[in-house]
Amino acid sequence: MAHLLRHLEEELYVQDGLCVHGGIECPQFRDEELEDGYYTVAIRLEAWDAEPPHPGPGWRPTGQREFTAETGVIRLGVTDDTGQDFLIGPPLFAYGVTAHVGDQDAGRWLLRFWPVRDVFDPIVHLKPRDAAEPRRVPVPVTTAGQWAPMRREALRPPEWAWFLGGDAGSIAGALNPGNASTFRIPDDEVDLRGKGAGGTYRMWRWEWETADGRPHDGNLLAGRIVHLRDPHGSRLLASGVVTMLGMEGRHYVVRDAEPHEAARVLCSEETWSGAEPTRPGAEEAWLG
């Protein structure tokens, strides 16, 4: 039986339909029975853990699509993403989505999303900028239930998420329902343009060297590599795999990636191991 995980209510201007942004492609929905395509509608977005049943009387179906989500966070909009962020599930999954319009009130819309299957492909989705010939390596395949936003505890965001505020806090909490340690990276130290909450990336940073060799704050352990040591400054350049939770002011909020999340990044690195690595300079870190 399918279960409703979360929902969002908002109002949006419709101009010959609405597009779902946040996917590899942007499925579009419109009400074919209306001649006037310019109006404001009250929209309810729903995220389900499996294909939901028909919403019942009072709703008229207008379309069903399948698309691939990039990070699992989507927005609705006319020609660009003007709606609010909404977490539908794990990244790089194929999703089903249905659209319904109020049978007696065309000013009400209902869009429902559910994960169908893992479609991660390192050759397609995590290709580096300077790509060499890819190697054929085993590709990890997951079920939707392995991912944080699909877990029952994700339905009640933890108390720490309040500082991100509103929808950002709810999304961050759902991406970290186990209350794993989080840490913040200033946006002038890493370049995350184009990266979004829910995505998993390798992050580089300079750290103080410690006696036991573990990072000073206990973070950046997933897929950890120590690349350089500065013996004069007692520093080292390390990298690890992190999942982005959101933004707090001018800081990215991240946590160490879970094993199935990190497996995708590690698979991509092995696939493209012939590519020239991008090495950060002494005063910068890099996420790829």
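**Exercise 1. Find out whether C267 is buried or exposed, and describe its surroundings.**

Step 1. C267 counts as buried because its relative accessible area is 4%; buried means under 20%, exposed over 50% and partly exposed in between, with a 1.4 Å probe and protein chains only.

A word on the model: it is predicted, so local features need pLDDT of at least 70 and side-chain atom pairs count only at pLDDT 80 or more, while totals for chains, interfaces and linings use all residues. Residues are numbered from 1 along each chain as its sequence is written, and side-chain values use heavy atoms, leaving out hydrogens and water.

Step 2. Now look for partners beyond four places in sequence: C267 is in contact (heavy atoms within 4.5 Å) with F120, P122, V137, P138, V139 and P140.

Step 3. Check one distance: 9.3 Å separates the C-alpha atoms of C267 and D121, which are 146 residues apart along the chain.

**Exercise 2. Place C267 in its helix and say what the buried residues of α3 pack against.**

Step 1. C267 lies in helix α3; helices are DSSP runs of H or I with at least four residues, strands are E runs of at least two, and both are numbered from the N terminus.

Step 2. The buried residues of α3 include H260, V265 and C267.

Step 3. Their packing partners are β8, β9, α1, β11, β13 and β14.

**Exercise 3. Work out which side chains of β10 are buried.**

Step 1. Side chains in a regular strand alternate between the two faces of the sheet.

Step 2. In β10 (residues 182-186), F183 and I185 share one face and are buried; T182, R184 and P186 point to the other and are not.
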